[in-house]
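This note is intended for a colleague meeting the structure for the first time. Please read the numbered points with the model in view.

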Amino acid sequence: MTIENISEQLNFPNSPYFCRFFKTIVHRSPIDYVNYYRVECASHFLTSGDMTVAEIAQHCGYNDSSFFIKQFRKYKGTTPKKYRMA
């Protein structure tokens with residue numbers, strides 16, 4: 001799934017126009033929204049299950065655990081491990 005495919009499927013004239021429209025509605029870029037959503041899903045798994053951080057990262061669409069941790073810290077202000085212990 002790409003921004004170009006989404007904008008084409010929704011009949012937007014081009015992908016930059018779609019991105020601007022999306023941001024006015026959601027107040028986030030499409031990529032930022034997807035990353036935010038993935039981190040929110042991960043936070044749910046961290047508090048309600050027994051999966052490892054690496055398993056949660058994979059389950060939420062991150063192939064690289066270190067990138068997942070970096071994104072998690074960006075949105076939650078802490079690491080997944082500390083979030084789980086809180």
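1. In this predicted model, the buried residues of helix α2 pack against two other helices, α1 (3-9) and α3 (30-48). The residues of α2 that are buried are S15, F18 and F22. Viewed along the axis of α2, these buried residues lie within an arc of 55°, and they therefore line one face of the helix.

2. The other side of α2 should be considered as well. There, R20 and T24 are exposed.

3. The length of α2 may be checked against expectation. The helix comprises 12 residues (residues 15-26), which at 1.5 Å a residue should span 16 Å; the C-alpha atoms at its ends are 16 Å apart, so the expected span and the model agree.

4. Both ends of α2 merit a remark. At the N-terminal end, N14 acts as a cap, with a side-chain oxygen 2.8 Å from the backbone nitrogen of Y17. After the helix comes H27, which has a positive phi, near 70°.

5. Which residues form the largest nonpolar core? This core has 10 residues, namely V39, A42, L46, I56, A57, C60, Y62, F68, F72 and Y75. Helices α3, α4 (53-59) and α5 (65-76) are the elements that each give two or more residues to the core.

6. One core residue may be examined individually. Leaving aside residues up to four places away in sequence, A57 touches Y62, S65 and F68. Of these contacts, Y62 and F68 are also listed in the largest nonpolar core.

Technical notes:
Residues are numbered from 1 along each chain as its sequence is written. This is a predicted model: local features need pLDDT of at least 70, side-chain atom pairs count only at pLDDT 80 or more; totals for chains, interfaces and linings use all residues. Side-chain values use heavy atoms; hydrogens and water are left out. Helices (H or I, at least four residues) and strands (E, at least two) are DSSP runs, numbered from the N terminus. The expected span of a helix is 1.5 Å times one less than its number of residues. Buried means under 20% relative accessible area, exposed over 50%, partly exposed in between (1.4 Å probe, protein chains only). The arc is that of the directions from the helix axis to the C-beta atoms. Contact means heavy atoms within 4.5 Å. A polar contact is a pair of N or O atoms within 3.5 Å; within protein, one must be able to donate a hydrogen and the other to accept it, and residues adjacent in sequence count only if both atoms are side-chain atoms. A nonpolar core is a set of buried Ala, Val, Leu, Ile, Met, Phe, Trp, Tyr and Cys residues joined through side-chain atoms within 4.5 Å.
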